[in-house]
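Here are a few friendly notes to read alongside the coordinates. I have kept to strand pairing and the core.

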Amino acid sequence: MGNLPFALPDCDQPATVRLEVYGRDAAGDPFGSLDAAVYCCEQHAIETVTAVWIADLTAHKVELAPDIVRACGDSYVFPTGNLGGQR
Ligand SMILES: [Zn+2]
């Protein structure tokens with residue numbers, strides 16, 4: 001797992017929101033690179049989105065599938081994204 005350039009909540013409550021975190025590609029498209037998925041509870045969703053924006057990344061909120069169980073603060077860095085170190 002790579003390092004995210006922003007802080008995640010230290011919370012561990014059941015997550016209700018999934019945020020897809022995008023970085024820019026070489027052309028400057030803000031959705032050019034799907035870098036990470038971040039999970040958070042409703043209480044921490046806004047501050048997490050803000051942290052993503054401050055890091056000059058773009059957060060896209062998507063519904064968390066009902067059969068997916070994650071804790072607030074969980075994350076997954078896509079190996080193919082800018083943060084995955086495989087470019
Ligand atoms: Zn939380």
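1. In this predicted model, V21 stands opposite A59, a residue of strand 3. Strand 3 covers residues 58-63, runs antiparallel to strand 1 and is joined to strand 1 by six bridges.

2. Have a look at the pairing with strand 2 as well. Strands 1 and 2 are antiparallel too, with seven bridges between them. One pair to pick out is G23, whose bridge partner in strand 2 is S33.

3. How many of the seven residues of strand 1 are buried? Six are, so strand 1 is largely enclosed by the rest of the structure.

4. The largest nonpolar core has 16 residues, and those touching the most other members are L19, V21, V38, C40 and V52. Strand 1 (17-23), strand 2 (33-40) and helix 1 (42-54) are the elements that each give two or more residues to this core.

5. V38, which sits in strand 2, deserves a closer look. There are 29 other C-beta atoms within 10 Å of V38; 20 or more make a residue buried, so V38 counts as buried. Beyond four places in sequence, V38 touches L8, L19, V21, T48 and S75. With S75 the C-alpha to C-alpha distance is 4.3 Å, although the two residues are 37 apart in sequence.

6. Finally, V52: which residues does V52 contact once neighbours within four places in sequence are left aside? They are F6, L19, V21, L57 and A59. A59 is also the residue opposite V21, so to speak a good place to end the tour.

Definitions and conventions:
Residues numbered from 1 in each chain as written. Predicted model: local features only at pLDDT ≥ 70, side-chain atom pairs only at ≥ 80, totals over all residues. Core = buried A, V, L, I, M, F, W, Y, C linked by C-beta atoms within 7 Å. Buried ≥ 20, exposed ≤ 12 C-beta atoms within 10 Å, placed from the backbone. Helix = DSSP H or I, 4+ residues; strand = E, 2+ residues; numbered from the N terminus. Contact = placed C-beta atoms within 7 Å. Pairing = 2+ DSSP bridges.
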